[in-house]
Amino acid sequence: MSTHIKDNAYFAKTVLMPGDPLRAKYIAENFLTDYKEVTSVRGIYGYTGKTKEGKEISVMASGMGIPSIGIYSYELYTCYGVENIIRIGTCGSYQEECRVGDVILATSASSNSNYASQFDLKGGVISPCSDFSLLLKAYNHAKEMNIPVHVGPIFSSDIFYDADKDYYKKFQALGVLGVEMESYGLFLNAMRLHKKALCILTVSDTFVGKEKDLTQEERQTKLNEMFKLALSMAD
């Protein structure tokens with residue numbers, strides 16, 4: 001089975017993936033019923049339960065960065081029968097209209113990561129995409145739930161503390177909505193394995209405005225609109 005997930009863990013067809021293990025725990029405790037902890041290997045918590053509507057769903061942390069989500073998403077897809085992975089995380093905004101607290105649905109992810117080098121694209125550059133059926137479903141659910149969303153491309157960075165403080169401006173000028181650190185790897189794994197993936201983000205800070213960043217506590221507890229939207233994706 002898996003090297004990094006408990007061998008006999010049971011997962012639903014759809015898995016929500018926050019980066020933080022405590023965020024996964026928070027979602028299970030506050031939004032799921034009849035849930036069970038199914039894995040805690042390396043402190044990465046995973047739970048399977050039901051939404052309040054009685055639909056089965058799982059939530060498991062991905063850790064930080066493309067290598068980490070690359071490992072966990074690959075093992076979920078190949079070892080546990082998972083079909084859909086929905087990353088739920090935070091991001092920094094590159095556009096003034098994407099304000100702190102807003103929700104973004106990512107259509108695609110560009111990156112400075114070397115993750116795609118394994119495919120030997122002979123100098124080609126690939127920006128993998130969300131699955132359209134999941135993206136459309138999330139967009140329609142957001143409208144039904146009166147959750148305003150921004151829809152567009154994001155950037156997955158391998159660098160958090162960038163030596164070039166103006167690097168973001170290159171992507172801002174191209175209309176990229178914001179930056180996070182995982183979706184590129186998730187999207188590539190989904191494409192490679194012919195599975196489905198989506199990324200739903202809440203803006204936690206901004207490169208272009210004067211709004212205050214979400215605090216550590218707020219990053220744990222004030223992302224509920226995003227969580228509710230993601231949970232509505234359970235079949």
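Biologist: In this predicted model, why is K137 called partly exposed?

Modeller: The relative accessibility of K137 is 24%, and since buried means under 20% and exposed over 50%, K137 falls in between and therefore counts as partly exposed.

Biologist: What makes the contact between the side chains of K137 and D235 a salt bridge?

Modeller: The nitrogen-to-oxygen distance between these two side chains is 2.9 Å, and the rule asks for a Lys or Arg side-chain nitrogen within 4 Å of a carboxyl oxygen of Asp or Glu, so the pair of K137 and D235 qualifies. The two residues come from distant parts of the chain, with K137 in helix α3 and D235 in the segment after α7 (224–231), 98 residues apart.

Biologist: How do you know whether D235 is buried or exposed?

Modeller: D235 has a relative accessible area of 64%, and because exposed means over 50%, D235 is exposed. Elsewhere, R87, E180 and E182 are joined into one network by salt bridges that share partners.

Biologist: How many salt bridges does the rule give, and where do the residues of the pair K195 and E83 lie?

Modeller: The count comes to eight. In one of them, the side chains of K195 and E83 meet at 3.0 Å, N to O; K195 sits in the loop between α5 (183–193) and β9, whereas E83 sits in the loop between α2 (66–79) and β5 (84–93), and 112 residues separate them along the chain. With a relative accessible area of 34%, E83 lies between the cut-offs of 20% and 50% and is therefore partly exposed.

Biologist: What makes K122 exposed, and why is its salt-bridge partner D120 called partly exposed?

Modeller: K122 is at 70% relative accessibility, over the 50% cut-off, so K122 counts as exposed, while D120, at 47%, stays under that cut-off and above the 20% limit, and therefore counts as partly exposed. Their side chains meet at 2.9 Å, N to O. K122 belongs to the loop between β6 (103–111) and α3, and its phi is near 55°, a positive value in a residue other than glycine.

Biologist: What is the phi of D34, and in which element is D34 found?

Modeller: The phi of D34 is near 50°, again positive in a residue that is not glycine, and D34 is found in strand β2 (residues 33–39). At a relative accessible area of 64%, D34 passes the 50% cut-off and so is exposed.

Biologist: How do you know that Y184 is buried?

Modeller: The relative accessible area of Y184 is 4%, and since buried means under 20%, Y184 is buried. Y184 is found in helix α5, and, apart from neighbours within four places in sequence, its contacts include I66, A109, S111, Y115, I126 and P128. For the pair Y184 and S111, which are 73 residues apart along the chain, the C-alpha atoms are separated by 6.6 Å.

Biologist: Which residues have the most contacts inside the largest nonpolar core?

Modeller: They are F11, M60, L76, I88 and I200, in a core of 66 residues. Strand β9 (residues 196–206) gives the most to this core, with six residues. A second, separate core of six residues includes Y94, F155, Y168 and V176. Returning to I88, its contacts beyond four places in sequence include L16, M17, I27, I200 and F227.

Biologist: What makes V151 eligible for the nonpolar surface patch?

Modeller: A patch residue needs over 30% relative accessible area, and V151, at 41%, passes that threshold while remaining partly exposed, because 41% lies between 20% and 50%. V151 is found in strand β7 (residues 149–156), and together with F132, L136 and Y139 it makes a patch of about 370 Å², to which helix α3 (residues 132–144) gives the most, with three residues.

Biologist: Why is the protein called as compact as a globular protein of its length?

Modeller: The protein has seven helices and nine strands. Its radius of gyration is 17 Å, close to the 18 Å that the globule rule gives for 235 residues, so the protein is as compact as a globular protein of that length. Buried residues make up 52% of the 235 residues, and among contacts between residues at least 6 apart in sequence, 76% join residues at least 24 apart.

Terms used: Residues numbered from 1 in each chain as written. Predicted model: local features only at pLDDT ≥ 70, side-chain atom pairs only at ≥ 80, totals over all residues. Heavy atoms only, no water. Core = buried A, V, L, I, M, F, W, Y, C linked by side-chain atoms within 4.5 Å. Buried < 20%, exposed > 50% of the residue type's maximum accessible area, 1.4 Å probe, protein only. Helix = DSSP H or I, 4+ residues; strand = E, 2+ residues; numbered from the N terminus. Contact = heavy atoms within 4.5 Å. Patch = residues over 30% accessible without salt bridge, like charges linked within 9 Å, V, L, I, M, F, W, Y side chains within 5 Å. Areas by Shrake-Rupley, 256 points an atom, 1.4 Å probe, with all protein chains shown as cover. Rg over C-alpha atoms; globule rule 2.2 N^0.38 Å.
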